[in-house]
Amino acid sequence: MIKSYDEALFILLMKYPFLGYFIQGCRLVWVDGDHDVDTAAVAINKNAEIKLILNKTFFKELTPEQRAGLLMHEVLHLIYTHLNYIIELKREDHFIGNLAADLDVNQYVPEKWLKEGAFTLEFLKEKKKVDLERKQTFYYYFNELKKLEEQERKEQENSCLLYTS
């Protein structure tokens, strides 16, 4: 596992030295496949220790470039202070907050470094026919996703009304 991590880190360092260097300051924590963190996450504890949490099962399934992309994805969450934003949200908005943060960072990860089906602006455009602006803020994506959620909720309510009338 360490060898595949080192290989991914090397790829990241060669292409994005600052990001690779930054992630080396994180404490690496490996978790098993059945853990709450089913892919990867970053966390900061009260002692200001930054943890990079990687799910072994998920990490093994990725190509070396996708592993580098995962590391880049997680370090960008730290650099863009997404943890602070999500903490400020109401509990019921955390899921959309995580999606907004993913839209924000995934646009900077090279496409070939992303796992197929990653939540990107292109994925959203293709699946939901929503064309959001590139290089916007977390709050822009969060607000747009909240509007989309509300629109879908209203459409669902209207379709239920048709069946009950």
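The exercises below work through a predicted model of one protein chain.

**Exercise 1.** Describe the fold of the chain in terms of its helices and strands, and then its overall extent.

Solution. Begin with the inventory of secondary structure, which consists of eight helices and three strands. Next, place these elements in sequence order, where the pattern reads α-α-β-β-β-α-α-α-α-α-α. Finally, turn to the extent of the C-alpha trace, which spans about 60 × 35 × 30 Å along the principal axes of the chain.

**Exercise 2.** Characterise the burial, the contacts, the surface and the charges of the chain.

Solution. Start with burial: of the 165 residues in the chain, 39% are buried. Then consider the contacts with a separation of 6 or more, of which 60% join residues 24 or more positions apart. For the surface, the chain exposes about 10,400 Å², and carbon and sulfur atoms supply 53% of this area. For the charges, the chain holds 22 positive and 27 negative ones, and the mean positions of the two sets are 2 Å apart.

**Exercise 3.** Locate the largest pocket and state which elements supply its lining.

Solution. The volume comes first, and for the largest pocket it is about 1,000 Å³. The lining of this pocket comprises 37 residues, of which T39, A40, H73, E74 and D102 are the closest to the centre. Assigning the lining to secondary structure, one finds that strand 2 (40-44), helix 4 (64-79), helix 5 (82-88) and helix 6 (94-106) each supply at least two residues. The most is given by helix 6, which contributes seven residues to the lining.

**Exercise 4.** Decide whether D93 is buried or exposed, and identify which residues it touches beyond its sequence neighbours.

Solution. D93 is found in the loop between helix 5 and helix 6. Its relative accessible area is 7%, and because the limit for a buried residue is under 20%, D93 counts as buried. Leaving aside residues up to four places away in sequence, D93 touches F142 and K146.

**Exercise 5.** For A48 and K135, give the phi value, the loop and the exposure class.

Solution. Take A48 as the opening case: although A48 is not a glycine, its phi is positive, at about 65°. The residue lies in the loop between strand 2 and strand 3 (50-55), and its relative accessibility is 58%, so A48 counts as exposed. Turning to K135, phi is near 55°, again a positive value in a residue other than glycine. K135 belongs to the loop between helix 7 (121-128) and helix 8 (138-164). With a relative accessible area of 59%, K135 is exposed, because the class requires over 50%.

Methods. Residues are numbered from 1 along each chain as its sequence is written. This is a predicted model: local features need pLDDT of at least 70, side-chain atom pairs count only at pLDDT 80 or more; totals for chains, interfaces and linings use all residues. Side-chain values use heavy atoms; hydrogens and water are left out. Helices (H or I, at least four residues) and strands (E, at least two) are DSSP runs, numbered from the N terminus. Buried means under 20% relative accessible area, exposed over 50%, partly exposed in between (1.4 Å probe, protein chains only). Contact means heavy atoms within 4.5 Å. Accessible areas come from the Shrake-Rupley method with a 1.4 Å probe; for residues, only the protein chains shown count as cover. Lys and Arg count as positive and Asp and Glu as negative; His and the chain ends are not counted. The place of a charge is taken as NZ of Lys, CZ of Arg, CG of Asp or CD of Glu. On a 1 Å grid over the protein atoms alone, a cavity is a set of points where a 1.4 Å probe fits but cannot get out, and a pocket is an open set with protein on both sides within 12 Å along at least five of seven lines; lining residues have an atom within 4 Å of a point. Grid points are joined across faces, edges and corners, and a volume is the space filled by probe spheres set on the points.
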